Amino acid sequence: MRFVIVGNNDGPLTLLQSLQGTNLSPVVIGLQKNVDSQLLEQYEQYVSSDRLLVGFNQAKLADWLAGYSITYLINCFCNFKFTTLLDRYQVLNVHLAPLPRYRGRHPLPWALINGEKTFGITIHQMTNEIDGGDIYWQKEIPIVEAMSVQDLRTNLMEQLRAGFGTFLTDFAADSITSQPNNDQEATYVARRYPQDSELTEWHDRDLIIRKVMALRSTNDPAFLSINDQTVKVHRASWGSRVYVGVAAPFVSQVQTEQVEIVCQDGQTVWLSNFEPESISFSINQRI
């Protein structure tokens, strides 16, 4: 089986690690974007520099691969849409979601914000339909309370590291039975932007908590817009008081390192671990 692995960040590295101990090895490796020196050193433990392409778009990747005899392309997190490459190769794609649910970009924060109880990772045949194509391998794990995006990603990547080598061995031996990735059962998620991290969902206290805790590990954590300042929030927990008359969310208690907010559902939430910590909150201040 002659194949290439392409992707971003630690995606291809995870697949390389999983292939150790098998008789399978990619012809070449492609990293769409530059990685830091420490991660690059890890890659160089598994692949020589002359077999590693770093920095490409689809056209550059296609030109590079034209010099090799390859049948399969395995994608682990390249973030451009594959078009011409689909005409040349059979493409397997790693998607951090339990397809056909959660097709699209950024499924992990949405899963945590939505309060999913389990989540998964899928390897499927790439087609022109976003995250469509038959499913070849899938694993699901439970979501733990207060899990962050990084927590969930780490756990899913551990599943991939543990299972990919065996999967590809079976796939090469033509002993994998595919499963349908039904469009009728599909759900989709929208791409997230930094402004989407603003806390606006004050109608639902539990949703606020899930959002804060999920995003605390990302580059764009949850934030409040208050006193003409953007206040990043990295921690949220349940309050114990219940209100039966609320017109708008407001500050009900102020302590040294945390504030209590009354949500429109009458439930309260404690927010803490702020940036900047010098922000001044006032009791009865509306959010």
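These are my notebook entries on strands, pockets and aromatic contacts in a predicted model.

**Entry 1, strand β1 and its neighbours**

I began with strand β1, residues 3-7, and asked how many of its residues are buried. Five of the five are buried, so I noted β1 as largely enclosed by the rest of the structure. Looking at the two faces separately, I found Phe3, Ile5 and Gly7 on one side and Val4 and Val6 on the other, with both faces covered.

I then looked up the pairing of β1, which runs parallel to strand β4 (residues 72-76) over five bridges, with phenylalanine 3 opposite tyrosine 72 of β4. Strand β2 (residues 29-31) is also joined to β1 in the parallel sense, by three bridges, and here valine 6 stands opposite glycine 30.

**Entry 2, the aromatic cluster**

Tyrosine 72, the β4 residue opposite phenylalanine 3, turned up again when I searched for ring contacts, since Tyr72, Tyr136, Phe164, Phe167 and Phe171 form one aromatic cluster. Over the whole structure, the search returned ten aromatic pairs.

The pair I examined in detail was tyrosine 136 with phenylalanine 171, whose ring centres are 5.2 Å apart; the planes meet at 75°, over the 60 degrees required, so I recorded the pair as edge-to-face. Because tyrosine 136 belongs to strand β7 (residues 135-142) and phenylalanine 171 to helix α6, this contact ties together parts that are 35 residues apart in sequence. I also wanted to know whether tyrosine 136 is buried or exposed. Its relative accessibility is 18%, which is under the 20% limit, so tyrosine 136 counts as buried. Phenylalanine 171 has a relative accessible area of 13% and is buried by the same limit.

Phenylalanine 171 has another ring partner in phenylalanine 167, with centres 5.7 Å apart and planes at 40°, so this pair is tilted. The two residues are four apart in helix α6, which means that about one helical turn separates them. Phenylalanine 167 is buried, as is phenylalanine 171.

Away from these rings, I looked up a charge over an aromatic face and found arginine 192 above tryptophan 110, at 4.5 Å from the ring centre.

**Entry 3, the strands around β9 and β12**

I followed strand β9 (residues 229-242) from its hairpin with strand β8 (residues 223-226). The two strands run antiparallel and are joined by four bridges, and serine 225 stands opposite threonine 230 of β9. Two residues lie between the strands of this hairpin, where asparagine 227 takes a positive phi near 55°.

On to strand β12 (residues 267-275), which pairs with β9 in the antiparallel sense over seven bridges; valine 242 has glutamine 267 as its bridge partner there. Strand β11 (residues 258-262) is joined to β12 as well, antiparallel and through five bridges, and valine 262 stands opposite threonine 268. Four residues separate the strands in the hairpin of β11 and β12, and glycine 266 has a positive phi near 85°.

Threonine 268 also led me to aspartate 204, because I had asked which distance separates them in space, and the C-alpha atoms proved to be 9.8 Å apart for residues 64 apart in sequence. Aspartate 204 is in the loop between α6 and α7, and with a relative accessible area of 25% it is partly exposed.

**Entry 4, the pockets**

How much space lies in the largest pocket? I noted about 1,500 Å³. It is lined by 42 residues, of which Phe77, Asn79, Arg105, His106 and Pro107 are the closest to its centre. The elements that give two or more residues to this lining are β5 (90-95), α5 (107-113) and α6 (149-172). Sorted by class, the lining has 15 nonpolar, 18 polar and nine charged residues.

The second largest pocket has a volume of about 350 Å³, and its lining consists of 16 residues, with Leu112, Val144, Glu145, Ala146 and Arg210 closest to the centre. Two or more lining residues come from each of α7 (205-215) and β9, and α7 gives the largest share, four residues. By class I recorded nine nonpolar, two polar and five charged residues for this pocket.

Notes:
Residues are numbered from 1 along each chain as its sequence is written. This is a predicted model: local features need pLDDT of at least 70, side-chain atom pairs count only at pLDDT 80 or more; totals for chains, interfaces and linings use all residues. Side-chain values use heavy atoms; hydrogens and water are left out. Two strands pair if DSSP finds at least two bridges between them. On a 1 Å grid over the protein atoms alone, a cavity is a set of points where a 1.4 Å probe fits but cannot get out, and a pocket is an open set with protein on both sides within 12 Å along at least five of seven lines; lining residues have an atom within 4 Å of a point. Grid points are joined across faces, edges and corners, and a volume is the space filled by probe spheres set on the points. Ala, Val, Leu, Ile, Met, Phe, Trp, Tyr, Cys and Pro count as nonpolar, Asp, Glu, Lys and Arg as charged, and the others, Gly among them, as polar. Rings of Phe, Tyr and Trp (its six-membered ring) pair if their centres lie within 6.5 Å; planes under 30 degrees apart count as stacked, over 60 as edge-to-face and the rest as tilted. Buried means under 20% relative accessible area, exposed over 50%, partly exposed in between (1.4 Å probe, protein chains only). A charge sits over a ring if NZ of Lys or CZ of Arg is within 6 Å of the ring centre and within 35 degrees of the ring normal.
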